[in-house]
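User: Please take a close look at one part of this predicted model. I should like a connected account of a single salt bridge, its setting, and how it compares with others in the chain.

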Amino acid sequence: MAASCAGLLVAAAALTGCTSSDGAGPEWTKAKAPPKPIWDRSPASIAAVGDSITRGFDACGVLSDCPEVSWATGTDDGVRSLALRLLGKPGAVERSWNYARSGASVAALPAQMGKAAGHEPDLVTVMMGANDACKDEADLMTPVDEFRTSFEESMRRLRADSPRTHVYVASVPDLKRLWSEGRENPLGRQIWKLGICASMLGDSQDMGAEAQQRRSTVQSRVVAYNKVLKDVCAKDLRCRYDGGAVFDFRFTGEQLSTWDWFHPSKNGQGKLADIAYRNVVAAKPPA
């Protein structure tokens, strides 16, 4: 016959050649539902990747890592890390690994993720991006395209060796809020003069147009990094972004290290653990 099956559709809906196997209509007219995300709310092992925040830098002493208070994998009872809440203390010691490194930027993330994947953990936590925005000058910040490429490569590296691992991605903290909180503290202002995150914190008392524009530029870059984290994570069924919870957290000086007024204090690490735990055990991802 010259007429095609599609051409006879209106007149011959009952023909089996034009209907689905269940008689509900043509197969090609059915809208395919997107696959549902897969999420494990009670992982039995955790690996962490990221930068100095996840290493607990300056939370216990000056210029030193303190991984025992890490929000992700620490064992300190006061912080109650994500690992401690999900695995208990024996589990947090025996079944968690911290591959974050102080000073790391997103370019180091693929290698960290490769190490984490070697354990085939149930969950990997990611907090990365502050060092990409915190440079001596705003012009030196990691370009958004490079940030995306590194994060995508990190996810590919994980999936190659540990396809079933779940990934919790924390947003980059609000560096402009950090400036607005710390600049009120005389000690913090003096410490920042040593060059900590100069792109945002340099000349902290300067309210001129050029300084304000510099801070806004850094803030916009952080927002762009968070969009990358959200977008890339959304493409993976076993990835959950925090919905901007860390970025939106209204921290105060109590959550900042008194050694540098930049990194989280033990109290701040505990708040990060609170945010992570709520998001990991939630039945649905953040809106």
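Analyst: K89 has a relative accessible area of 39%, so the residue ranks as partly exposed. Its side chain meets that of D77 in a salt bridge, with N and O 3.0 Å apart. This pair links distant parts of the chain: K89 belongs to helix 2 (residues 82–94), whereas D77 sits in the loop between helix 1 (52–55) and helix 2, and 12 residues separate the two. D77 has a relative accessibility of 53% and therefore counts as exposed, because the cut-off for that class is over 50%.

The predicted model holds 11 salt bridges in total. Another of them joins the side chains of R156 and E153, at 3.2 Å from N to O. These residues lie three apart in helix 5 (residues 144–161), which means that about one helical turn separates them. R156, at 47% relative accessibility, is partly exposed, and E153, at 27%, is partly exposed as well.

A further salt bridge is found between E181 and R177, whose closest N and O atoms are 3.5 Å apart. Both residues are part of helix 6 (residues 175–182), where four residues, about one turn of the helix, lie between their positions. E181 is partly exposed, with a relative accessible area of 24%. R177, by contrast, has a relative accessibility of 13% and so counts as buried, because buried means under 20%. Elsewhere, R148, K227 and D231 are joined into one network by salt bridges that share partners.

Methods. Residues numbered from 1 in each chain as written. Predicted model: local features only at pLDDT ≥ 70, side-chain atom pairs only at ≥ 80, totals over all residues. Heavy atoms only, no water. Salt bridge = Lys/Arg side-chain N within 4 Å of Asp/Glu carboxyl O. Buried < 20%, exposed > 50% of the residue type's maximum accessible area, 1.4 Å probe, protein only.
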